[in-house]
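Hi,

Here is the structure I promised to pass on. Have a look at it first, and then read my notes below.

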Amino acid sequence: TRSLTITSVDQSTFEKAQGEKVTLPCTFELSEEDEGPLDIEWVLIPADNQKREQIIIMYSVDRVYNHYYAGLTGRMQFTNLDPRSGDGSLDILNLKAADTGTYQCKVKKAPGVQSRKIQLTVFVKPARTKCSIEGSQEIGKDVTLKCVSQEGSPLLSYDWRRVSGTQNLPATSVLNKNTGELLLKNASREFSGTYHCVASNRVGTDECSVELNVTPPINTAGIIIGAIIGTVLGLSVLGSIVFCLCKKHKEKKYEKEVHHDIREDVPPPKSRSSTARSYIGSNRSSLGSMSPSNMEGYTKTPYSQVPSEDFERAPAQTPAFAPSKVAAPNLSRMGAVPVMIPAQSKDGSIV
């Protein structure tokens, strides 16, 4: 007897890039003996044998069920809106690396049952490829050009080429296509130029460039001496600045202490003029109490002379005046009449 058969047997392996679309074919033919309801199931077979198969989409009794597998929800659909026409192919949109796996199409219509497996591999294109230079770009040194893609499914392959000058890689260069390293031994000026790297895998490519400039060796001794001299000069200038700032700070602190240091136990100094006036005034008061007969001896004292600082320091001391011999005044010359004043003798009689 004849039953249903799956006719799409040409291709069983698909390799696609991430973000692309794939159509997994599953066409079939029914026979007259197949009288039961038509059921079409797509099953994802995990790479781990310990895990069970999982239905991702199903057509049964004229209805589509596509909510079984959350990872593909909204990104898969039957290619033909009516699978009863004999086309149960599956479209997967916006592919991701996680979609890699084995997919199986099962067609059932009693008594016929057929299935077909398809291997899908989703690759990630090389992306964010960066070129760099490792090592000293000096004549006679070994220089390594590096090329690395931040994204991309294995197996990645790297290829370097020169886009300036002779456009040929130096004869001493060594290329590692798997790591993307280009070793340039014993570099010379002729090695200078622009180098271009192409990273590729089965689904795409990405590129980057780097500029190599080979120069004569640098005079390291002169640089070291210059650095030492510069450091010494810098420290000297810094030390001078710190010294000046400290000195200025001390001066300000001293001035502040002197201006605000008020001593209450020291009396204010007296002026010389006030001391001289007090001295002259005290002598005049003492002269005013003397009789005219005593004035002759004091008329010789110079009052116009300002006392010295020694006198100023001890104003309380009164100079001692030696008693002078003053002659009795001549009353007759003054026109006065003598008056006899009785006196008492030692024995009590009046004389």
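To start with the whole chain: it has 351 residues, and 26% of them are buried. Do keep in mind that this is a predicted model. The chain holds five helices and 18 strands. Its exposed area comes to about 24400 Å², with carbon and sulfur atoms supplying 54% of that. I also looked at how far along the sequence the contacts reach. Taking contacts between residues at least 6 apart in sequence, 56% join residues at least 24 apart.

Now the strands. One sheet to look for is an open one made of three strands, in the order β14-β17-β18, with antiparallel pairing. Its edges are β14 and β18 (205-212), each of which pairs on one side only. From one strand to the next, the twist averages 20°. Inside that sheet, β17 (residues 193-200) is joined to β18 by eight bridges, and the two run antiparallel. If you want a spot to zoom in on, try Val198, whose bridge partner in β18 is Glu207. While you are there, remember that side chains in a regular strand alternate between the two faces of the sheet.

Then there is a hairpin, formed by β15 and β16 with four residues between them. Four bridges join β15 (residues 173-176) to β16 (residues 181-184), and these strands are antiparallel. One of the pairings puts Ser173 opposite Leu184, its bridge partner in β16. In the turn you will find Gly180, with a positive phi of about 80°.

Gly180 is a glycine, but which residue has a positive phi of about 50° although it is not a glycine? That is Val61, with phi at about 50°. Val61 sits in the loop between β6 (54-60) and β7 (63-65). Is Val61 buried or exposed? Its relative accessibility is 63%, so Val61 counts as exposed, the cut-off being over 50%.

Arg128 is another one to check: its phi is near 50°, again positive in a residue other than glycine. This time the residue lies in a strand, with Arg128 being part of β12 (residues 127-134). Arg128 has a relative accessible area of 54%, so it is exposed too.

The backbone has a couple of cis peptide bonds to look at as well. Ala110 and Pro111 are joined by one, with omega at about 5°. Pro111 is in the loop between β10 (101-109) and β11 (112-123). Another cis peptide bond links Pro154 to Leu155, and there omega is also about 5°. Here the second residue is a leucine, and Leu155 is placed in the loop between β13 (143-151) and β14 (157-162). That β14 is the edge strand I mentioned in the three-stranded sheet.

Last, the surface. Which residues make a nonpolar surface patch of about 280 Å²? They are Ile224, Ile228 and Val232. To find the patch, go to helix α1 (residues 220-259), where Ile228 lies.

If you are short of time, I would open the hairpin of β15 and β16, then the cis bond between Pro154 and Leu155, and finish at the patch that includes Ile228.

Cheers

Methods. Residues are numbered from 1 along each chain as its sequence is written. This is a predicted model: local features need pLDDT of at least 70, side-chain atom pairs count only at pLDDT 80 or more; totals for chains, interfaces and linings use all residues. Side-chain values use heavy atoms; hydrogens and water are left out. Buried means under 20% relative accessible area, exposed over 50%, partly exposed in between (1.4 Å probe, protein chains only). Patches are made of residues with over 30% relative accessible area and no salt bridge: like charges are joined within 9 Å, nonpolar side chains (Val, Leu, Ile, Met, Phe, Trp, Tyr) within 5 Å. Accessible areas come from the Shrake-Rupley method with a 1.4 Å probe; for residues, only the protein chains shown count as cover. A salt bridge is a side-chain nitrogen of Lys or Arg within 4 Å of a carboxyl oxygen of Asp or Glu. Contact means heavy atoms within 4.5 Å. Two strands pair if DSSP finds at least two bridges between them. Axes are lines fitted to C-alpha atoms, for helices over the stretch in contact, and angles run from 0 to 180 degrees between N-to-C directions.
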